[in-house]
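Thanks for coming. I will take one structure today and go through a helix, the voids, and then the salt bridges.

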Amino acid sequence: MKVNILISSCDEGIERACNVLLPERNDVSYKISQQYTSERYRYIPDELKRSDVEVSFLEGRGLSRNRNNSIRMADGDIAIIADDDVTYRDSDIDTVINVYVDNPSLDIACFRIRTSDGDPEYKNYPNDIALIKRAGQLNISSVEMTFRVASIRNKGLLFDERFGIGSKYLAGGEEFVFLTHALRKGLTAKYFPYYIVQHPYMSTGNRMNRNTPELVRTFGAVTYIQMGPLAVVSAFKKAFCRRKELKSSGRSSFSFLRNFLQGVFYIMFS
């Protein structure tokens with residue numbers, strides 16, 4: 001079984017991508033989509049000049065665009081979604097392969113992120129294997145996701161480029177939307193409580209306030225993907241439920257409602 005590690009990188013991130021590589025093994029190859037905003041970032045470091053590494057250059061920004069470029073590059077059986085700041089162990093790759101071998105009808109498998117020794121867990125993960133029935137069931141991050149390449153390709157599934165860091169209007173939500181569309185297309189997804197990747201721990205205090213205009217717009221857009229036009233009704237309910245939280249952070253229910261609906265209407269009419 002051949003595994004592709006799909007690395008999304010941008011500008012100077014191509015140097016960090018060198019740290020993602022493991023010693024060469026016959027069943028693993030790396031597909032790096034390198035976005036660049038200047039010609040000086042359109043190069044391949046010597047460490048990446050290996051027979052198991054392919055680099056594709058993509059001008060501009062947009063994480064979902066970048067991920068889609070790497071998906072189009074995939075030529076293996078299984079793909080692991082990666083960023084340029086993660087690392088792997090050989091045992092992580094073996095874990096992913098074994099899961100797909102043991103579950104031949106599985107299309108998407110989601111796993112855990114390992115943090116450095118002494119750091120807290122990256123998330124509060126469930127302890128048991130679980131069938132994923134809806135995207136909101138678990139807070140899935142992109143680098144926790146793997147998929148069977150043929151399954152994704154047969155369904156024409158890609159990331160929605162209106163979502164994600166570097167997109168025109170929305171700050172995130174691309175994983176939720178990808179998984180939502182996968183489930184709607186009849187793909188089978190499961191969560192497995194195994195670590196497959198290492199990423200630096202991010203404390204809650206370092207994460208963006210969820211009530212910023214960018215994230216509220218994204219919340220509205222994601223809610224529309226989930227609920228359709230009923231997201232307009234949901235906007236008022238969510239603004240009411242968050243009123244105390246909004247007030248304590250110096251924001252108003254009206255601004256929340258305005259930004260939420262901007263996200264809803266952006267997806268509705270784009």
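Helix H2 and its surroundings

The buried residues of H2 are Leu63, Ser64, Asn66, Arg67, Asn68, Asn69, Ser70, Ile71 and Met73. Before going on: this is a predicted model, and everything I say about H2 and the rest is computed from that model. Back to the helix. Nine of the 11 residues of H2 are buried, so the helix is largely enclosed by the rest of the structure. The cut-off behind that statement is a relative accessible area under 20%.

Now the enclosed space. How many cavities of 30 Å³ or more are there? The count is one, and the volume of the largest cavity is about 30 Å³. Its lining consists of Leu6, Ser8, Arg67, Ser70, Ile71, Ile81 and Phe159. Two elements give two or more residues to that lining, strand S1, residues 3-10, and helix H2, residues 63-73. H2 has the largest share, with three residues. Arg67, Ser70 and Ile71 line the cavity, and Arg67, Ser70 and Ile71 are also among the buried residues of H2. By class, the cavity lining has four nonpolar, two polar and one charged residues.

Next, the open space. The volume of the largest pocket is about 1,900 Å³. It has 47 lining residues, and those nearest its centre are Ile165, Ala171, Gly172, Gly173 and Glu175. Which elements give two or more residues to this lining? They are S1, H2, helix H5, residues 174-184, and helix H6, residues 213-227. H6 gives the most, six residues. So S1 and H2 are on the list for the pocket, and S1 and H2 are on the list for the cavity as well. The pocket lining divides into 18 nonpolar, 17 polar and 12 charged residues.

That leaves the salt bridges. A search of the whole structure gives 16 of them, and I will show three pairs and one network.

The pair Arg16 and Asp84 has its closest N and O atoms 3.2 Å apart. Arg16 lies in helix H1, residues 13-16, and Asp84 in the loop between strand S4, residues 78-83, and helix H3, residues 90-102, so this salt bridge ties together parts that are 68 residues apart in sequence. Is each partner buried or partly exposed? Arg16 is partly exposed, at 39% relative accessible area, while Asp84 is buried, at 9%.

In the second pair, Arg25 and Asp94, the closest N and O atoms are 2.8 Å apart. Arg25 is in the loop between H1 and strand S2, residues 28-36, and Asp94 is in helix H3, so the pair ties together parts 69 residues apart in sequence. Here Arg25 is the buried partner, with a relative accessible area of 17%, and Asp94 is partly exposed, with 33%. The two also belong to a network of salt bridges that links Arg25, Asp27, Asp90 and Asp94.

The third pair is Arg50 and Asp52, with an N to O distance of 2.7 Å. Arg50 counts as partly exposed, at 22% relative accessibility. Asp52 counts as buried, at 9%.

To recap, H2 is largely enclosed by the rest of the structure, H2 gives three residues to the cavity lining, and H6 gives the most to the pocket lining. That is what I have.

Technical notes: Residues are numbered from 1 along each chain as its sequence is written. This is a predicted model: local features need pLDDT of at least 70, side-chain atom pairs count only at pLDDT 80 or more; totals for chains, interfaces and linings use all residues. Side-chain values use heavy atoms; hydrogens and water are left out. On a 1 Å grid over the protein atoms alone, a cavity is a set of points where a 1.4 Å probe fits but cannot get out, and a pocket is an open set with protein on both sides within 12 Å along at least five of seven lines; lining residues have an atom within 4 Å of a point. Grid points are joined across faces, edges and corners, and a volume is the space filled by probe spheres set on the points. Helices (H or I, at least four residues) and strands (E, at least two) are DSSP runs, numbered from the N terminus. Ala, Val, Leu, Ile, Met, Phe, Trp, Tyr, Cys and Pro count as nonpolar, Asp, Glu, Lys and Arg as charged, and the others, Gly among them, as polar. A salt bridge is a side-chain nitrogen of Lys or Arg within 4 Å of a carboxyl oxygen of Asp or Glu. Buried means under 20% relative accessible area, exposed over 50%, partly exposed in between (1.4 Å probe, protein chains only).
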